[in-house]
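Trainee: I have a new model open and would like to learn how to read it. Could you take me through it feature by feature?

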Amino acid sequence: MKLKIIIPIIVLAIIGGFIALRSTTPKPKPNAMDMTTMPSTSMAPQAENAVSIQNYKFNPTPLKVKKGTTVTWTNMDIAKHTITVDSGQPAGGPDGPLFGKGETYSFTFMAAGTYHYHCDPHPYMHGVVEVTE
Ligand code: CO
């Protein structure tokens, strides 16, 4: 009777040990060749504090950042845009000038809150920055 219980326990212990061994096996480090062939800027993820403006759209939105973060918007459109905080938002939101293609606008969020913004010449362009403590 006891053997029927012990055998599955031994089997489970062996399987468990095997899994533990596999998970602790270090992955091979990439060598110099791999590093040079790795994609650089084209595949790089967008910075956590960056918003692009393309085709009259803010991306990403909402953007989530910590208090004190400087957010930089980059305009990819030929049209000029602004980053203008909506009315009724927490104090300390962005209210920038028009900026053109290839230009950037940066704003540092010093207070936590959810900031809805738009573009002055194109009020249908909407974006959100969520600032947390
Ligand atoms: Co615009």
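Trainee: Let me start with methionine 125. Is methionine 125 buried or exposed?

Mentor: The idea is to compare a residue's relative accessibility with a cut-off: under 20% is buried. In this predicted model, methionine 125 has 1% relative accessibility, so it counts as buried. Methionine 125 also serves the cobalt ion, as one of its protein donors, through SD.

Trainee: Which protein atoms are the donors of the cobalt ion?

Mentor: To read a metal site, list the donor atoms and their distances, then look at the angles. Here the list is His81 (ND1), Cys119 (SG), His122 (ND1) and Met125 (SD), at 1.9 to 2.6 Å from the cobalt ion. The angles among the four donor atoms run from 93 to 126 degrees, and the site is tetrahedral.

Trainee: What spacing do the donors follow along the chain?

Mentor: The spacing is H-x37-C-x2-H-x2-M. Take histidine 122 as a worked case: it sits in the loop between S7 and S8. With 12% relative accessibility, histidine 122 is buried. Leaving out residues up to four places away in sequence, histidine 122 touches Tyr56, Ala79, Lys80 and His81.

Trainee: Now the core. Which residues touch the most other members of the largest nonpolar core?

Mentor: For a core, look for the members with the most partners, then ask which elements supply residues. This core has 18 residues, and Phe58, Trp73, Ile83 and Phe109 touch the most other members. Strand S1 (50–54), S3, S4, strand S6 (104–108), strand S7 (113–118) and S8 each give two or more residues to it.

Trainee: What does phenylalanine 58 touch?

Mentor: Beyond four places away in sequence, the contacts of phenylalanine 58 include Val51, Ile53, Trp73, Ile83 and Tyr117. Cys119 and Met125 are also among the residues that phenylalanine 58 touches, and both of these are donors of the cobalt ion.

Trainee: How many salt bridges are there?

Mentor: For this feature, check the distance between the charged side-chain atoms, and then where the two partners lie in the sequence. The count is one salt bridge. It joins the side chains of lysine 67 and glutamate 133, at 2.9 Å from N to O. Lysine 67 belongs to the loop between strand S3 (63–66) and strand S4 (70–75), while glutamate 133 is in the segment after strand S8 (126–132), so the pair ties together parts 66 residues apart in sequence. As for accessibility, lysine 67 is partly exposed at 41%, and glutamate 133 is exposed at 63%.

Trainee: Where is threonine 70 found, and what does it touch?

Mentor: Threonine 70 is in strand S4. Not counting residues up to four places away in sequence, threonine 70 touches Asn49, Ser106, Phe107 and Thr108. Threonine 70 and serine 106 are 36 residues apart in sequence, yet their C-alpha atoms are 6.4 Å apart in space. Threonine 70 is partly exposed, with 32% relative accessibility.

Trainee: To finish, how many helices and strands are there in the protein?

Mentor: For the overall picture, pair the element count with the totals. There are two helices and eight strands, in the order α-α-β-β-β-β-β-β-β-β. Of the contacts with a separation of 6 or more, 50% are between residues 24 or more positions apart. Buried residues account for 28% of the 133 residues. The protein exposes about 9,400 Å², of which carbon and sulfur atoms supply 64%.

Note on methods:
Residues numbered from 1 in each chain as written. Predicted model: local features only at pLDDT ≥ 70, side-chain atom pairs only at ≥ 80, totals over all residues. Heavy atoms only, no water. Salt bridge = Lys/Arg side-chain N within 4 Å of Asp/Glu carboxyl O. Helix = DSSP H or I, 4+ residues; strand = E, 2+ residues; numbered from the N terminus. Buried < 20%, exposed > 50% of the residue type's maximum accessible area, 1.4 Å probe, protein only. Core = buried A, V, L, I, M, F, W, Y, C linked by side-chain atoms within 4.5 Å. Contact = heavy atoms within 4.5 Å. Donors = N, O, S within 2.8 Å, 3.2 Å for Na, K, Ca; no water. Tetrahedral: all angles 85-135°; square planar, octahedral: opposite > 155°, others 65-115°. Areas by Shrake-Rupley, 256 points an atom, 1.4 Å probe, with all protein chains shown as cover.
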